[in-house]
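Please examine the sequence together with the three-dimensional model. The explanation that follows is best read with both in view.

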Amino acid sequence: MTDLALLRVDGGVATLTLNRPEQHNALCIELLDALHERMSEVERLTDVRVLVVTGSGRSFCAGMDLKQVVIERSGDAGLALRLLSSLGELTLRVRRAAMVTVAQINGAAIGGGCGLTCVCDISVTHARAKLGFPEVDLGLCPAVVAPWVVRKVGAGMARKILLTGGLISPVEAQRMGLVNAVLDSPEALGAHAGELGERLASGGPRALAATKKLLNELDGSLDEALIRRGAELSASVLCSPEAQLILAERLDSSG
Amino acid sequence: MIRLETDGGVSVLTLDRPERRNALTPEMLDELIARIGQCAGARAVALVGAGSVFCAGFDLKRCADDPSGETLGALLRGLSRAIAALRGLDAPVVVGVHGGAIAGGAALLGAGDVVLAGRDTTIGYPVVKIGVSPAVSAPFLESSIAGMVRERLLDPDLIDGVRAHEIGLVHELVDEQTDVREIAISMARRLSEKPAGGMSATKRWVDEIHSAQSPLGERAPQRALDASLSIVGCDEERERLGAIWGKGAQG
């Protein structure tokens with residue numbers, strides 16, 4: 001079995017890569033388990049100041065793996081809550097990391113995938129990446145990632161983004177504060193992320209960690225109960241007949 | 001004074017007192033609150049204004065004519081309840097503003113999940129100049145534009161739609177003022193076609209997240225209304241409101 005999440009350490013910069021490219025790095029329970037394992041390794045790293053999160057292949061992360069959350073298909077009504085809870089815990093771990101986190105959005109970042117980018121301190125992408133939160137179009141509630149979107153862009157813009165659904169162009173996403181920089185091409189993004197990582201890694205580790213901790217306290221990032229309630233809410237909407245019907249149709253049409 | 005039209009799942013609320021530039025009276029706000037109550041089953045709601053401007057704010061002539069301060073108090077209470085009622089709807093609310101959205105009219109932007117405005121729309125809170133505190137709308141605007149709320153409520157300067165878009169008070173710009181109503185309604189129609197369960201859960205959850213992060217939480221709207229009410233009828237307001245009105249300024 002291939003390794004679903006990769007961790008590479010290069011000097012002061014660690015890179016965590018979602019590695020399920022043939023499924024556009026969609027979040028299945030196995031990928032989330034692998035990410036948790038890698039985060040345990042990240043938490044033991046002492047000389048690393050920057051954590052870059054990215055995806056292998058053409059996408060960053062297409063969001064939840066629909067095959068695991070359509071009950072008719074998975075045969076397991078509890079899987080949705082386990083998956084969403086695992087995603088929620090992962091977001092908390094990434095947020096608590098003492099190093100500066102950078103989402104290098106190499107391609108599509110949709111739904112939970114786009115939410116994962118909002119957990120990172122800084123997010124950078126390129127002009128051809130597809131971003132957005134189409135959950136409401138599918139009858140879903142993006143409750144696990146909503147707190148991170150609110151912290152990134154404020155409640156007002158979060159309402160607009162999450163309630164109108166659909167996709168957002170990278171330029172529009174930058175205007176709304178959803179991403180910090182948009183490069184012209186994937187190649188330019190790679191170069192930019194490399195330079196950004198080096199620059200961030202030049203900071204003093206204690207200064208960076210103290211600043212991050214304060215920022216997390218200021219915006220309520222350490223409120224674990226909120227994320228757990230979000231997982232329960234998201235799972236209950238996901239398991240509703242309305243959402244299950246739409247998702248099953250979506251799965252059938254995509255084969 | 002308030003028109004409610006329902007077409008399928010879309011309810012359109014129109015401020016309809018164009019001869020007074022939709023200036024708000026206590027009766028008009030009562031009617032708005034009643035009409036919002038009738039939108040309970042809607043899948044999406046649009047709030048727009050008839051005539052040349054969306055809303056010029058409170059009808060200050062009525063306030064100036066009532067030295068007891070009861071009219072101004074009723075307006076502040078009505079505005080707070082109207083915005084809270086729109087925020088309390090399960091369905092998403094689209095606010096479309098054209099021409100001008102001044103003071104109480106600008107406050108109504110805080111009720112929108114999605115806010116559209118014409119590029120040349122005049123938006124702002126000149127009310128501190130007349131001795132009135134816009135505190136009543138602070139919680140709603142704070143949740144929409146965060147730190148920028150301080151400048152917007154304390155600086156009586158007016159801004160245009162383009163600047164409002166830059167600071168996130170407006171989400172989408174419309175080139176022609178005359179197109180705002182139609183575009184707001186078609187946006188509401190698009191939102192009404194999305195599944196209702198996920199939509200309402202998402203709307204309520206964002207409010208809950210914001211409330212969890214705010215020290216005053218759900219008490220904020222009442223506290224804000226009390227702050228505005230606390231200076232109603234004071235000498236400063238009576239003098240300034242009278243002077244402005246006497247000079248022929250319109251509210």
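The paragraphs below treat confidence, a strand of chain A, a helix of chain B, the nonpolar core and the contact between the chains.

The model is predicted. For the complex, the predictor reports an ipTM of 0.91 and a pTM of 0.92. Chain B has a mean pLDDT of 93, with 97% of its residues at 70 or more.

A suitable starting point is strand β3 of chain A, residues 50–55. Because 6 of the 6 residues of this strand are buried, β3(A) is largely enclosed by the rest of the structure. In a regular strand, side chains alternate between the two faces of the sheet. Accordingly, Val50(A), Val52(A) and Thr54(A) point one way from β3(A), while Leu51(A), Val53(A) and Gly55(A) point the other way. The residues on both sides are all buried.

The pairing of β3(A) can be followed through Val52(A). Strand β2 of chain A, residues 13–18, pairs with β3(A) in the parallel sense over 6 bridges, and here Thr15(A) stands opposite Val52(A). Strand β4 of chain A, residues 100–105, also pairs with β3(A) in the parallel sense, over 4 bridges; in this pairing Val52(A) stands opposite Val102(A). The strands β2(A) and β3(A), together with helix α1 of chain A (residues 29–44), make a right-handed β-α-β unit.

In chain B, helix α3 comprises 19 residues, 70–88. From its first C-alpha to its last it reaches 26 Å, close to the 27 Å expected at 1.5 Å a residue. Its buried residues include Leu72(B), Leu75(B), Leu76(B), Leu79(B), Ile83(B) and Leu86(B). Thr71(B), Ser80(B) and Arg87(B) are also among the buried residues of α3(B).

Nonpolar side chains in soluble globular proteins tend to be buried together. The largest nonpolar core of this model has 171 residues, and those with the most contacts inside it are Val45(B), Val94(B) and Leu116(B). Helix α6 of chain A, residues 146–164, contributes the largest share of this core, 11 residues. Leaving aside residues up to four places away in sequence, Val94(B) touches residues including Ala44(B), Ala46(B), Val114(B), Leu116(B), Met187(B) and Leu191(B).

Which elements form the side of chain B that touches chain A? Across the two chains, 24 residues of chain B are in contact with 31 residues of chain A. On the side of chain B, the elements that give two or more residues are α5(B), residues 138–145, and α9(B), residues 196–213. Of these, α9(B) gives the most, with 12 residues.

Methods. Residues numbered from 1 in each chain as written. Chains lettered and ligands numbered in written order. Predicted model: local features only at pLDDT ≥ 70, side-chain atom pairs only at ≥ 80, totals over all residues. Expected span 1.5 Å × (residues − 1). Buried ≥ 20, exposed ≤ 12 C-beta atoms within 10 Å, placed from the backbone. Pairing = 2+ DSSP bridges. Right-handed = clockwise from strand over helix to strand, strands pointing away. Core = buried A, V, L, I, M, F, W, Y, C linked by C-beta atoms within 7 Å. Contact = placed C-beta atoms within 7 Å. pLDDT = per-residue confidence, 0-100.
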